[in-house]
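Visitor: Please choose one part of this model and take me through it closely, then follow where it leads. I am new to reading structures, so I would be glad of a slow and careful account.

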Amino acid sequence: MLIQIAYLIGGFILLIKGADIFVEGASKLAAKLNIPPIVIGLTIIAFGTSAPEAAISITSAMSGNVDLAIGNVIGSNIMNVLLILGISGCIAQLKVNNNTYRYEIPFVMVITLILLILGKFGGSVDRLDGVILWALFLLFLFYLYRLVKRGEDVPIDEVEELDEKDTLFRLGLMIILGIGAIVIGSNMTINSATYIAKEIGISQRLIGLTIIAFGTSLPELVTSMTAAWKGKSDLAIGNIIGSNIFNILFVLGTTALISPAPIIFESGFIIDGIVAIGALFLLYTFIDNRYCLKKSGAVIMLIGYIAYFISVL
């Protein structure tokens, strides 16, 4: 068991570090090929924090561990809002961008509800559902593109500048190493998590909603807490909401498109999805008229996550 736990931790490390190396290499290569920074930011870099969820969900679906594919995404989204924003909101006062408040938070509620409807009435998430999710994802990218073109702030990190050591060979090697680390890390994580679930007699859904969700949400946790410490509080909330959108539309959409069989949607995911929508509703409710997350609201969100965590054990 201890060896499997070590594999699980090692898998998370490879996933997160691999995503960092891949994103840096890919974004610098794109810049070297004179691809506009806006395109790099809206695609490669924005993908970065969702790379662990994508790797886990796609790998688990391909290997038949479908509970992990959906549980990981829904669990990460719940954790992102209630736990990560709860912690960040206790560290510093978080201010939300006007567009995030008016459009993006409601949009996450809507797409979460769409996922629940697709899963409930179809009994699974299949390729047609994947097409629907990807169509919504492209619509979201177009929305971000319009925001940037209008000169408005979007929660996307800046593209790193090139230097003399960034040769095509080095950047290509970084991309290959990053992808390799992501693939190996996701396989290690899936295999060890499945083994641990069987050994202690709990479901893969629970593993996906808790342990896997926490491991794959580490990039969001680090990004949001760092932003809160540095006073860039609008990035803290913006990154979380953006990540949740990527998780549902890009991660599950891609997983559904390439999975050899439809991803079975267990009845338990309905409750988890409702909790995910409820978490967003709490966030929306606790934002005051100055577009700031109330400290008392952040504490309640943390308590809410603890209650949810206990309920799924």
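Guide: A helix here is a DSSP run of type H or I with at least four residues, a strand is a run of type E with at least two, and both are numbered from the N terminus. Please keep in mind that the model is predicted. With those names in hand we can start at helix α1, which covers residues 2–32, and look at a patch on the surface.

The patch is nonpolar and is made of Met1, Leu2, Ile5, Ile9, Ile13, Tyr195 and Ile200, which together have about 690 Å² of accessible area. Two helices, α1 and α7 (168–200), each supply at least two of the residues in this patch, and α1 gives the largest share, with four residues. Ile9 is a good residue to pause on: it belongs to helix α1, and it counts as partly exposed because its relative accessibility is 48%, a value between the 20% and 50% limits that bound this class. As a general background, nonpolar side chains in soluble globular proteins tend to be buried together.

Staying in α1, we can turn from nonpolar residues to charged ones. Glu24 and Lys28 form a salt bridge, in which the closest N and O atoms are 3.4 Å apart. The two residues are separated by about one helical turn, because they stand four residues apart in helix α1. The partners are not covered to an equal degree, since Glu24 is partly exposed at 23% relative accessibility, whereas Lys28, at 5%, counts as buried.

A search of the whole structure finds four salt bridges, and two others can be set beside the one in α1. Arg170 pairs with Asp166, with 2.7 Å between the closest N and O atoms; Arg170 is partly exposed, its relative accessible area being 28%, while Asp166 is buried, its relative accessibility being 0%. Asp288 pairs with Arg290, where the closest N and O atoms are 3.1 Å apart; here Arg290 is partly exposed at 46% relative accessibility, and Asp288 counts as buried at 17%. Glu24, Lys28, Asp166 and Arg170 are joined into one network by salt bridges that share partners.

From Arg290 we can move to Tyr291, which has a positive phi of about 60 degrees although it is not a glycine. Tyr291 sits in the loop between α11 (268–285) and β4 (292–293), and its relative accessibility of 29% is why it counts as partly exposed.

We can now go inside, to the largest nonpolar core. This core has 85 residues, and those that touch the most other members are Ile70, Ile212, Ile241, Leu249, Leu283 and Met301. Take Leu283 as an example: once its neighbours within four places in sequence are left aside, Leu283 is in contact with Val81, Leu85, Ile105, Ile241, Leu293 and Met301.

Helix α4 (residues 66–91) holds Ser76, a residue that is buried, with a relative accessible area of 0%. Not counting residues up to four places away in sequence, Ser76 touches Glu53, Gly71, Ala213, Thr216, Ser217 and Asn247. Gly89 lies in α4 as well, and it counts as buried because its relative accessibility is 2%. Leaving aside neighbours within four places in sequence, Gly89 is in contact with Leu94, Leu293, Lys295 and Ala298. Gly89 and Ser296 are 207 residues apart along the chain, yet their C-alpha atoms are separated by 9.0 Å.

Last come the aromatic rings. A pair of them is described by the distance of the centres and the angle of the planes. A search of the whole structure finds 13 aromatic pairs. Tyr305 and Tyr308 form a tilted pair, with 6.3 Å from centre to centre and 50 degrees between the planes. Both of these tyrosines lie in helix α12 (residues 295–312), three residues apart, which is about one turn of the helix, and both are buried. Elsewhere, Tyr103, Phe107, Phe140 and Tyr143 form one aromatic cluster.

Notes
Residues numbered from 1 in each chain as written. Predicted model: local features only at pLDDT ≥ 70, side-chain atom pairs only at ≥ 80, totals over all residues. Heavy atoms only, no water. Patch = residues over 30% accessible without salt bridge, like charges linked within 9 Å, V, L, I, M, F, W, Y side chains within 5 Å. Areas by Shrake-Rupley, 256 points an atom, 1.4 Å probe, with all protein chains shown as cover. Salt bridge = Lys/Arg side-chain N within 4 Å of Asp/Glu carboxyl O. Buried < 20%, exposed > 50% of the residue type's maximum accessible area, 1.4 Å probe, protein only. Core = buried A, V, L, I, M, F, W, Y, C linked by side-chain atoms within 4.5 Å. Contact = heavy atoms within 4.5 Å. Phe/Tyr/Trp six-rings, centres within 6.5 Å; stacked < 30°, edge-to-face > 60°.
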